[in-house]
Amino acid sequence: MANVDKHEEEYLHNMRHSCAHLLAAAVQELWPEVKLGVGPVIEHGLYYDFDLEHRLTEEDFPAIEKKMAELKAQGLGYEREEVSIAEAKKRAKAMKQPYKVELIETIEKTGSTAVAVEENGERSKEQGEKPTTVTFYTTGDFVDLCRGGHVESTKEIGPFKILSVAGAYWRGKSENPQLQRLYVACFATQDELDAHLAEMEEAKKRDHRKLGAELELFTFDPLVGPGLPLWLPKGTVLRDLVEQLAKKKEQEHGYQRVATPHVAKQALFEASGHLPYYADTMYPPMELDDGNYYLKAMNCPHMHVMFRQTPRSYRELPVRWAEYGTVYRYELSGTLAGLMRVRMLSMNDAHIYCREDQIEAEILRVMELHKYYIELFGIEHYYMRLSLHDPANTKKYFDEPKLWAFAEDALRRALDHSGLEYREANDEAAFYGPKIDFQVRFVGGREETIATTQLDFIAQQRFGLHYQDSDGGEKPIYVIHRAPLGTHERFVAFLIEHYAGKFPLWLAPVQVKLLPIADRHNEYATDVAKQLEKAGYRVELDDRQESVGKKIRTAQLEQVPYMLVVGDKEIEAKPHSADGSVGARQVAVRGRDDGDLGAQSIADFLTRLEREPNPLA
Ligand SMILES: [Zn+2]
Ligand SMILES: [Zn+2]
C-alpha cells in the first residue's frame, strides 16, 4: 500500500516537474529573449521564475496555456545529456541564460547541488560531493538544466492551469533582480484539477482578511502599527466566547487561573534563556531607572517564578495553571499576514507542573481537550505531529538520551491512547523536549500549526523547579506547555475561514436581528429585542428607513442566524396565550440557512434557540 502511494507520488512529482519544462518552453517560444530562473514542483503543481521585460498579466495566460497545450500534444520526449561543468557553463552562456550559468557555478563551487535544493525544496543527498558533470534535458527546441525525473512524453502531462503571477527575487534575496513567477496547478485528472480550482475559489471567498473586514470583526491602523490587530465589537464577541469556552473546559479539567504582567526585567528572560537566544523575536528593551524591561514573548517565565515561590510536595502535583496570556513577538513586517502572523497574540496558555510518572496521563488529558474541540468545531482535516529529536544531533538537543527516550515514548503512548491520528516527524522537537503539534488544513490546502503541546526538561534546571517526594528526597518537576486553542488571532482566523463567516448560533456575534417593516413597527420590534436580550441573546435592530427586502439582504450578508420580521400582521396577531404576555407575541422568523420559518410566538422562538447546540450552557 505504502509502495503504491509512494509510486503515485513520484509519478505526480515527475509529471508536475515535466510540466515546468512545458511552461518554460511555451514562455520561451512566445518571448524568445526570456531569461529562465528556477521552476520547482510545489504542492498542487509548480512554478517557474522568468526574467522578462514584458510584464506578464492574466491576459497572457490563455496564450501561454495554448502554447503549452500545443507542445504537449506533440508528444515530445525529455532527452538527457550529461556534460562537464565547463561545457555546461559554455552552453548556458551561449543560450544567454545568466541565471543558469549562476546555478552551474554554484554547483561547481559549493558542491551542494543548489539547483536540486531549490527544485526539490529539500537537501540533496549528494550534498558534499562535488559533482563534475551536470545534465541538460531537451524537449523539442527547449533545453533546460535539470537533474531529471520526468515522464516519458509531454503527452503524459495531466491537465494544468496557470493560476497567478507574482514578483519573486532571484534566489529569494531582495538585493537580486525581481523575476516574474508563474504559478501553475497540474493534476493527474481533470476532475482533480477542477476540484482544486473550485477549492481555491472557495478559499478566496473565505479569506479571513476579506471576511474580517466585511463582517466588521477586526481592523488595523497605520497609527497603531502593522501586525497589531484592533478587535472590533463583533470580533471581540468571538474572542470572548472562545475564551469562555477555554475557561469552562479548563475548570472541568482541574486547571486554576493565574494572571501575570506583560513586562518583566531582563533578568527573568535571561533566566529562562529567551535572552539572548530569542532576542531577535522580542521587542527591544525599555531602559528604566532600575534596569532593562522587556515585553514578554512567552508566558512561562512569569509563571515559573511564581510557582517556585512555594515549596511543593509530591501530593499536590500535578498543578495546572492557565492564563489567556498576551505576548509580543517582533515578526518582520514583510511576514505579517492578517491575523495569521501578528506581533501581539493572546494565547490559550497553561503550564502543567507534574512528576515524571504523571507525564503520560497529563499529555493524554491535553489530547482529550483537543478531541473535544475538534469535535465541537467539526474540524475534519487535521493530524497531530509528534515532533521528535534527532539522537545524532547532540548540539541542537539537550544531551540526555534516556530522558528523551522516556519522554518520546510517553508522548507516543498518550497519542496512541487518545485515538487521534498522528504522524511522527524526526528532528522537529524543541531543544528542551519533544512536542505535539496540532496541524490543521485550511480550505485552499495550506497546512498551519494551530497549537502545540510541549514537554520541557529544561525549566526544572533553569528555574529550580522541584518537589519533595514521599521518601523526603528532592525530585525535579516536569513542565508541559500547552495551548489547545492556540492564540485568539490564529484560532479566530481559522474559525472565520472554517465557517466561511457563517458561525453557529452560539458563536455568532449577532444572533438575532429584528427587521421592522415600517417605522410604526419600531416600538414593537424594540420590545421584542429587549425580551430576547433579557433571555441572554445578542440582538440587533435594523430601524433604517429601508425596505424589508433590503434589510433581509443586509442581515444575510452579515450571516446573522435568525431574522425576525415584524409588521402589522405580527402586531395584530392574537397572542397564543390568554394573558397576552410579551412571550406570546408573534414574530415572523427567517433562518439564515433555512429561509422562511413562518410566524411563531416569542416563547416558541426562544425554545427553538435553546435547542441549538451551546457548549457554554
Ligand atoms: Zn527536468
Ligand atoms: Zn510555556
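The following dialogue goes through a predicted model and asks what lies behind the terms used for its parts.

Student: What makes H17, H21, C146 and H150 the residues that coordinate the zinc ion (ligand 1)?

Tutor: Their atoms NE2, NE2, SG and NE2 lie at 1.9 to 2.1 Å from the zinc ion (ligand 1). A donor is an N, O or S atom within 2.8 Å of the metal, so these four atoms count as donors.

Student: Why is the site of the zinc ion (ligand 1) called tetrahedral?

Tutor: The angles among its 4 donor atoms are 101 to 125°. Four donors count as tetrahedral if all angles lie between 85 and 135 degrees, and therefore this site qualifies. For reference, the ideal angle for four tetrahedral donors is 109.5 degrees.

Student: How are the donor residues of the zinc ion (ligand 1) spaced in sequence?

Tutor: The spacing is H-x3-H-x124-C-x3-H. H21 sits in helix α1 (residues 2–30), while C146 belongs to the loop between β6 (142–145) and β7 (160–169). The two are 125 residues apart, and the pair links distant parts of the chain.

Student: How do you know whether H21 is buried or exposed?

Tutor: The relative accessible area of H21 is 3%. Buried means under 20%, so H21 is buried. C146 is at 4% relative accessibility and therefore also counts as buried.

Student: What about N14, is it buried or exposed?

Tutor: N14 is placed in helix α1. With a relative accessible area of 15%, which is under 20%, N14 is buried. Leaving aside neighbours within four places in sequence, N14 is in contact with G149, H150 and V151. H150 is one of the residues that coordinate the zinc ion (ligand 1).

Student: Which residues coordinate the zinc ion (ligand 2), and what makes them donors?

Tutor: They are C300 through SG, H351 through NE2 and H481 through ND1. The distances are 2.0 to 2.3 Å, within the 2.8 Å limit, so the three atoms count as donors. Water is not among the atoms, so a site may look incomplete. In sequence the spacing is C-x50-H-x129-H. C300 lies in helix α11 and H351 in strand β17 (residues 344–354), so this pair ties together parts that are 51 residues apart in sequence. Both C300 and H351 are buried.

Student: Why is helix α11 called mostly covered?

Tutor: Helix α11 covers residues 300–307, and 6 of its 8 residues are buried. The buried ones are C300, P301, H302, M303, H304 and F307.

Student: Why is Y372 called partly exposed?

Tutor: Its relative accessibility is 27%. Partly exposed is the range between under 20% and over 50%, so Y372 falls there. Y372 is found in helix α12, and, leaving aside neighbours within four places in sequence, Y372 is in contact with L245, K249 and P615.

Student: What makes F503 stand out in the largest nonpolar core?

Tutor: That core has 67 residues, and F377, L495, F503 and L507 touch the most other members. Helix α12 (residues 359–377) gives the largest share, 8 residues. Another core lies apart from it, with 33 residues, among them A20, L22, V27 and C186. Setting aside neighbours within four places in sequence, the contacts of F503 include L215, L238, P561 and R592.

Student: How do you know that strands β12 and β14 pair?

Tutor: There are 3 bridges between β12 (residues 263–265) and β14 (residues 291–295). Pairing needs at least two bridges, so these strands pair. They run antiparallel, and V263 stands opposite L295. Strand β13 (residues 286–288) is also joined to β14 by 3 bridges, again antiparallel, so that pair meets the requirement too. A hairpin of 2 residues connects β13 to β14, with E287 opposite N292.

Student: What is notable about the phi of E216?

Tutor: Phi of E216 is near 55°, a positive value in a residue other than glycine. E216 is in the loop between α7 (208–214) and β9 (218–219). Its relative accessibility is 46%, which is not over 50%, so E216 counts as partly exposed. A500 has a positive phi too, of about 50°, and is not a glycine.

Student: Which peptide bond leading to P318 is cis?

Tutor: The bond from L317 to P318, with omega near 0°. P318 lies in the loop between β15 (312–313) and β16 (319–328). The bond from L275 to P276 is cis with omega near 5°, and P276 is in helix α10 (residues 274–277).

Methods: Residues are numbered from 1 along each chain as its sequence is written. Chains are lettered from A and ligands numbered from 1 in the order in which they are written. This is a predicted model: local features need pLDDT of at least 70, side-chain atom pairs count only at pLDDT 80 or more; totals for chains, interfaces and linings use all residues. Side-chain values use heavy atoms; hydrogens and water are left out. Donors are N, O and S atoms within 2.8 Å of the metal (3.2 Å for Na, K and Ca); water is not among the atoms, so sites may look incomplete. Four donors count as tetrahedral if all angles lie between 85 and 135 degrees; four count as square planar and six as octahedral if opposite donors are over 155 degrees apart and all others between 65 and 115; anything else is irregular. Helices (H or I, at least four residues) and strands (E, at least two) are DSSP runs, numbered from the N terminus. Buried means under 20% relative accessible area, exposed over 50%, partly exposed in between (1.4 Å probe, protein chains only). Contact means heavy atoms within 4.5 Å. A nonpolar core is a set of buried Ala, Val, Leu, Ile, Met, Phe, Trp, Tyr and Cys residues joined through side-chain atoms within 4.5 Å.
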